[in-house]
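This report goes through one structure by its helices and the side chains that link them. Please keep the sequence and the 3D view open while reading.

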Amino acid sequence: MDSLFVNLLDYLPPINELIDTAIAHSPEVKYWHAQVKLREYEVSLAKKDWARDIYVTGQYQGGTLGANINPDGSAILLGYLVGAGLRVPLSTVIGRKDRIGAAEAWLESTIAKKEEAIRNIRELIFNEYQKLLMIQRKISILAETNESTSLIMEMAEERFRQGELTLDQLGTNTELKTKYSLIYEELRTEFFNTYSQLERLVGIPFSKFEKH
């Protein structure tokens, strides 16, 4: 019972810490983080893949080149001819920009998915945090109402014993007290469920956080 009426702000970690921890432990955020790394790698490959279709060509030739002849009729070797070149398919030059653009578009889309997952976690943690505080406030108000209802019920029972109230009138007070008791139990259950849900979303028990 006491745990329902303590100052939650004194026991719960600050909401910013809860959000940061939830993001750090989120499987969805980890997944999209890995996908971003993969897309970055693909962009890097797309920027380098021009080299895979480049071919080095070369030729070597040695001989007289049809020039001088020795007196004995033998050819004079005048030198060597060496050539080299590069061959790049036209499709590589034309399609490279498109391939890089497609890879960068995938990267941007994946980054957006990761940021969306982070925003969703922030919103979810914030809503659950506020919900928990709101439920506790409702419980506090209802607890005061229950005290008043209990006092009224005691007075009604005494008046019934003295014959000042009919059974129907006593029953009305009993129904009212039962109604508030049921609402209280529903709120109590919702409080602990919300607390557990918030803890699950954060990813670690609140007891693991350092006390401030």
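Ile 100 touches Ala 46 and Lys 47, leaving out residues up to four places away in sequence. The model is a predicted one. Ile 100 sits in helix H4, and its relative accessibility of 11% places it among the buried residues, because buried means under 20%. Between Ile 100 and Val 43 there are 6.2 Å in space, C-alpha to C-alpha, although the two are 57 residues apart in sequence.

**Helix H3**

Val 43 and Ala 46 are among the buried residues of H3. The others in that group are Val 29, Gln 35, Val 36 and Arg 39. Why do they count as being on the same side of H3? The buried residues of H3 cover an arc of only 115° around the axis, which puts them on the same side of the helix. Pro 27, Tyr 41 and Lys 48 are exposed on the other side of H3.

The helix itself runs over residues 27-48, 22 residues in total. From the first C-alpha of H3 to the last the reach is 32 Å, close to the 32 Å expected at 1.5 Å a residue.

Tyr 41 belongs to helix H3 and has a relative accessible area of 51%, so it counts as exposed, the cut-off being over 50%. Together with Leu 38 and Leu 45, Tyr 41 makes a nonpolar surface patch of about 290 Å².

**Salt bridges**

How many salt bridges does the structure hold? There are three, listed here with the separation of N and O.

| Pair | N to O distance |
|---|---|
| Glu 42 and Arg 39 | 3.0 Å |
| Lys 47 and Glu 104 | 3.9 Å |
| Glu 190 and Lys 131 | 3.9 Å |

The pair of Glu 42 and Arg 39 lies within helix H3, where the two residues are three apart and therefore separated by about one helical turn. Is each partner buried or partly exposed? Arg 39 counts as buried at 16% relative accessibility, whereas Glu 42 counts as partly exposed at 29%.

The side chains of Lys 47 and Glu 104 also meet in a salt bridge. Lys 47 lies in helix H3 and Glu 104 in helix H4 (residues 90-161), so this pair ties together parts that are 57 residues apart in sequence. Both partners are partly exposed: Lys 47 has a relative accessibility of 41%, and Glu 104 has 31%. Lys 47 is also one of the residues touched by Ile 100, so a reader can follow the link between H3 and H4 from either residue of H4.

In the remaining pair, Glu 190 forms a salt bridge with Lys 131. This pair links distant parts of the chain, with Glu 190 in helix H5 (residues 167-202) and Lys 131 in helix H4, 59 residues apart. Glu 190 is partly exposed, with a relative accessible area of 31%, and Lys 131 counts as partly exposed at 34%.

**Tyr 195 in helix H5**

Helix H5 also holds Tyr 195. Which residues does Tyr 195 contact, leaving aside its neighbours within four places in sequence? They are Leu 12, Leu 132 and Phe 206. The C-alpha atoms of Tyr 195 and Tyr 129 are separated by 8.3 Å, and the two residues are 66 apart along the chain. With a relative accessible area of 28%, Tyr 195 is partly exposed.

**The chain as a whole**

The protein chain has five helices and two strands. Read along the sequence, they follow the pattern α-α-α-β-β-α-α. Of the 212 residues in the chain, 25% are buried. The chain exposes about 14,800 Å², and carbon and sulfur atoms supply 56% of that area.

Among contacts with a separation of 6 or more, 77% are accounted for by residues 24 or more positions apart. Ile 100 and Val 43, at 57 residues apart in sequence and 6.2 Å apart between C-alpha atoms, show how positions distant in sequence can come together in space.

Note on methods. Residues are numbered from 1 along each chain as its sequence is written. This is a predicted model: local features need pLDDT of at least 70, side-chain atom pairs count only at pLDDT 80 or more; totals for chains, interfaces and linings use all residues. Side-chain values use heavy atoms; hydrogens and water are left out. Helices (H or I, at least four residues) and strands (E, at least two) are DSSP runs, numbered from the N terminus. The expected span of a helix is 1.5 Å times one less than its number of residues. Buried means under 20% relative accessible area, exposed over 50%, partly exposed in between (1.4 Å probe, protein chains only). The arc is that of the directions from the helix axis to the C-beta atoms. Patches are made of residues with over 30% relative accessible area and no salt bridge: like charges are joined within 9 Å, nonpolar side chains (Val, Leu, Ile, Met, Phe, Trp, Tyr) within 5 Å. Accessible areas come from the Shrake-Rupley method with a 1.4 Å probe; for residues, only the protein chains shown count as cover. A salt bridge is a side-chain nitrogen of Lys or Arg within 4 Å of a carboxyl oxygen of Asp or Glu. Contact means heavy atoms within 4.5 Å.
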